[in-house]
There are 4 protein chains.
Amino acid sequence: MTVRFGVIGTGAIGTEHIRRVEHRLSGGKVVAVTDISLEAARRCIDTLRLDAQLYESEDELFQDPSIDAVIIASSGPAHEGSVLKAIGAGKYVFVEKPLATTTDGCVRIVQAEARTGRRLVQVGFMRRYDPGYRALKSEIQSGRYGAPLMVRCVHRNAYVDERYTTEMAVLDTLIHEIDIVRWLMEDEFDSVQVLYPKSTRHAHARLKDPQIFNFFMQSGVVVMAEVFVNCQYGYDIQCDVVCEDGVISITSPQFLDILHAGLRSHPLMQDWKLRFADAYDAELQDFIDHVECGDGPRGPSSVDGYIATLVGDACVSAQTSKGWVKIPQIRDPNLGGF
Amino acid sequence: MTVRFGVIGTGAIGTEHIRRVEHRLSGGKVVAVTDISLEAARRCIDTLRLDAQLYESEDELFQDPSIDAVIIASSGPAHEGSVLKAIGAGKYVFVEKPLATTTDGCVRIVQAEARTGRRLVQVGFMRRYDPGYRALKSEIQSGRYGAPLMVRCVHRNAYVDERYTTEMAVLDTLIHEIDIVRWLMEDEFDSVQVLYPKSTRHAHARLKDPQIFNFFMQSGVVVMAEVFVNCQYGYDIQCDVVCEDGVISITSPQFLDILHAGLRSHPLMQDWKLRFADAYDAELQDFIDHVECGDGPRGPSSVDGYIATLVGDACVSAQTSKGWVKIPQIRDPNLGGF
Amino acid sequence: MTVRFGVIGTGAIGTEHIRRVEHRLSGGKVVAVTDISLEAARRCIDTLRLDAQLYESEDELFQDPSIDAVIIASSGPAHEGSVLKAIGAGKYVFVEKPLATTTDGCVRIVQAEARTGRRLVQVGFMRRYDPGYRALKSEIQSGRYGAPLMVRCVHRNAYVDERYTTEMAVLDTLIHEIDIVRWLMEDEFDSVQVLYPKSTRHAHARLKDPQIFNFFMQSGVVVMAEVFVNCQYGYDIQCDVVCEDGVISITSPQFLDILHAGLRSHPLMQDWKLRFADAYDAELQDFIDHVECGDGPRGPSSVDGYIATLVGDACVSAQTSKGWVKIPQIRDPNLGGF
Amino acid sequence: MTVRFGVIGTGAIGTEHIRRVEHRLSGGKVVAVTDISLEAARRCIDTLRLDAQLYESEDELFQDPSIDAVIIASSGPAHEGSVLKAIGAGKYVFVEKPLATTTDGCVRIVQAEARTGRRLVQVGFMRRYDPGYRALKSEIQSGRYGAPLMVRCVHRNAYVDERYTTEMAVLDTLIHEIDIVRWLMEDEFDSVQVLYPKSTRHAHARLKDPQIFNFFMQSGVVVMAEVFVNCQYGYDIQCDVVCEDGVISITSPQFLDILHAGLRSHPLMQDWKLRFADAYDAELQDFIDHVECGDGPRGPSSVDGYIATLVGDACVSAQTSKGWVKIPQIRDPNLGGF
């Protein structure tokens, strides 16, 4: 069986997902697309030579019974509505992060999905599919290094434009660390504090850059996460887990080692899409594989999306308070039923 | 259009290629299989739950007009006959190395393909699709480091079993370096010498291990290639290109950096299939893509397969002579017409 | 001229300094020793075959007019008295850290030295002589990377014994980071906060381990310093300076790269004395050289020793308070006159 | 006791050795100097403010009974005469490589020293004192990696001037690899072959660059040594020992790791004097220490100097022959009596 996809949102990320399904992954086919700009959707069909239906609205798309699953790659605020309708229509959903922009929105999605009694939704936290993070988790779980005590995360981009604000450092950037640390450590966040070092001269008017987020996990593990989005030198993702008997770190992919002009050097990645290219492919292939065999997705769930939003909200609060902000703990049975 | 594959040979490599087409790549489908052991072929269909025809012979398979392309993954000596029949039947051919076990056999294939006026054949030299080698070639070609002067290649396996002989170090192992150096340097081999260092105690009765192959290329570049197939510590592929103004080396993929027990360490790959997993996927996806659009394959050609066999034969001669063995140069127009 | 040394304290560190002067450095000679245990002092003379006078008290030693300089390597609480007497006797002083165990004691020393109108005292912050830190400072000062924004320090020991307490993490361990960061950044500490992650099972009853110290410098630079003294895997000193346009880190000295048993590895240093062996030699050679030519020492001054104690005291306060502790700023002219 | 040195030759290397004895090492003093240019010798005394006698000839210097040991840092062809006279005068000798420029000259020295019944001579093969090579030898000897099978050496300089000829690649450059490989492996050279790759455009008229020297050791170990003296990018010394169960390599000293401008990089050393600065200090300190205690030197002996010259001569022969050149084996009892 081939998984038949409808795609909502044909911007950069949506187009990339379509290319993936059509040209790099196995078992899926894009059969329908829509976008708030029909012009954009039509151009996408033409450019990629898709054999796909153009729907004028997502509502029509959801009514197409030949569609098995939808990819939601529209702008963040539109996610909640689309996901809820897709669940209502009984479609499987692959939704880019954030699941929804508010915790209430996330709760509505988790509850709607819970009422179907099935897993339908997967959130696009692709790092869980990165070979480096997977190897890291496997080493942690081996027990060889004892219990984890501290985690250090670094998330650096070469630069961002003026639309990027202090808050977006949480919602667009740190959100990946929030999810991956929960997944790596199988532990929940307890509280958060923000430190603002001296800002780089490359920061914009509405952006403090870099920022440091210190967390306590429920287990007592401390997580120190740096977000620095105008670091100039490249795209750089680091993660060290300090355990009782050793330290495990992911490395940056590098293909060459060059001796030249007085330096031994390795070219650094500049583009986050390249850094996680394999992970983007693997997350969607995993979604297709599990939808294909009827199990429903096994990747990051709507509850994961909800918790990321919850922790992200606490981080945003911490950005404007001086001290530690406590992160609410989830005890609602409606949210734990998966 | 989906490329419809027939697969000849359902051993380990054939099965891996089928899995690739069915579960990881886009645009292909396995519709028929055969094997000298029909039992094995049947088991393969069952295990992988293929929706594919089982043919009792490759002749029947080649007559199936619904098949666009064949994957030849049988044992080396069987390749020539299968490739020639596939060309005769007008099928595209993806053949594992070697193209044929004799240079005469390779010539027959090159000539048969030439007579069709089209490119039909691609040989499975997957390293050309490895991101490391591709980045290396791109740096060489940038001109930034001046002309290449020397190449150092290392090909080490953790261990081999007793069936592996001194000759196989050329035909099964070094053959990859032979192809990749030609491709990297866009240069042809001129002569070869073999040095036998003291053998490891892990070598078997019929195997000298390690072996060193020194080559001159036509340009005067010297290539030093070590084959060491019982190195114990892991699978290790190295390639350094020493140029006039710098040295460029590929690195081994590594995902983790570990501080533990008095060491900073990186786990090494043990399995060649993992080391080049991305390259194996990429070569077959490239084959599918170019067959799909009707161009015919763009990967390693039958002439590349022929030259690898020619150089490999010279290396085998050099294994039993004391001095330098000259490598014949190709001037036959029937072999240069691509 | 040869610098004639009296040594006060012939324990492990004192003996090591004597060996240095007698066997590895140029221009110095140990002519007298004393220790609270005369037995130990005598044994030291015998073992090292010193041609040196044994004094029964430091007072006698200070009265010996043939002595140019003293090395004070007694226990911390004894330092203040010895340094003050040495200044009184007009001797040059090389004193191991801490200069004194209280800030008042440090002030008395700074003032006594100031009254002589000369520089007499050097404190044993040897890291300022480490080639790695020196190269790091030189890169920062090159301006090539823009202004520093954050510093990350890691100070890990394989293990400590049960006498080592939570406070000693500051006074014995972090004190080196305190001095080196001031020196690297040419900036003063403003405030400090302590975080206690989950403790390792290898920690003792009176020790929280690891500990994290977050600092603001007066410039707004944030310094994050981890002290982890039972990390098990080795002695590990890290320092990264994150600047506006790049990140500069010191590396751990390593001599070998080993491929073995499935790993690529580098042996880690286990012993802090080896890690900074060159720096220990260089600091004392520098002291000798400057004393020899009559300039007086140029290394870490009594004011540096005073400030390290001041910042250390704030860190100890922060260990038992919940929030940020402000570090007093030095404005006393008696302390700034060098 | 202080070792009182006479220095013959006050050029760059001689001056550097004087500085070492006077300002960095313990237990030695320069009490006399001479040079074929008295002007240069006088300038050296003035510049370094030496309290040393200027002798008009080495003969006068050797007659000074207050001198314990001589450092011979004159030009290579002058070494033999000076060493023989120094032995005749009963002085200890530290002589820069080469011991003598001919094997006959080396034999005369070995025999003259043998007749004294004592070890007097140490040759300046400083690499034996490099911490990297020492760690490498210690790992080889641990037995952990099985028997060595192959050694790869790389000796690269950024550039040389037009006086440097093809032959000097052996006598000035490769000579260090010749000595260090014998010492590392405790094995003797058996035969040598030279390969000339395409030359760099940076080579001069009288220089083929790079050159490859392949050796068999008596044990059957193969040594591949590259000399490339216009590599442009820096001074680079590599040595890998491939053993039955693992590979051990020395690393280049590096102090910093820099993330900047799209690269992760480490500055490379440009200056061979810096690369082996610690080794230069250690070899002379070792000489002083053993002379001081009356044992005589323990470092590279006159026989080591003789064998290096013998192997070097074979390499020079191999530079102009096409095939393998056999290296004479030493069986003369007059040469083996140490």
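How many residues of chain A are in contact with chain D, and how many of chain D with chain A? In this predicted model, 15 residues of chain A meet 15 residues of chain D. The area buried between the two chains is about 1,200 Å², and carbon and sulfur atoms give 62% of it. On the chain A side, the residues that lose the most area to chain D are A:Tyr233, A:Leu259 and A:Arg264, which together account for 40% of what that side buries.

The symmetry of the pair comes next. A turn of 180° with a shift of 0.0 Å along the axis lays chain A on chain D with an RMSD of 0.0 Å. That is the relation of a two-fold axis. Within chain A, A:Ser265 has the C-alpha nearest the axis, 2.0 Å from it. The same surface serves both copies, as 100% of the contact residues of chain A recur in chain D.

As for polar interactions, the rule finds zero salt bridges across the interface of chain A and chain D, whereas six residue pairs are in polar contact there. Three strands of chain A, β11 (236–243), β13 (256–260) and β14 (263–267), each supply at least two residues of the side that touches chain D. The largest share of that side, five residues, comes from β14(A). Sorted by class, the side of chain A that touches chain D has six nonpolar, six polar and three charged residues.

Strand β14 also pairs across the interface: five bridges join β14(A) to β14 (residues 263–267) of chain D, and the two strands run antiparallel. In this pairing, A:His266 has D:Arg264 as its bridge partner in β14(D).

Conventions: Residues numbered from 1 in each chain as written. Chains lettered and ligands numbered in written order. Predicted model: local features only at pLDDT ≥ 70, side-chain atom pairs only at ≥ 80, totals over all residues. Heavy atoms only, no water. Least-squares fit on C-alpha atoms with pLDDT ≥ 70 in both. Contact = heavy atoms within 4.5 Å. Buried area = accessible area lost by both parts, 1.4 Å probe. Salt bridge = Lys/Arg side-chain N within 4 Å of Asp/Glu carboxyl O. Polar contact = N/O pair within 3.5 Å; in protein donor to acceptor, adjacent residues only side chain to side chain. Helix = DSSP H or I, 4+ residues; strand = E, 2+ residues; numbered from the N terminus. Nonpolar A, V, L, I, M, F, W, Y, C, P; charged D, E, K, R; others polar. Pairing = 2+ DSSP bridges.
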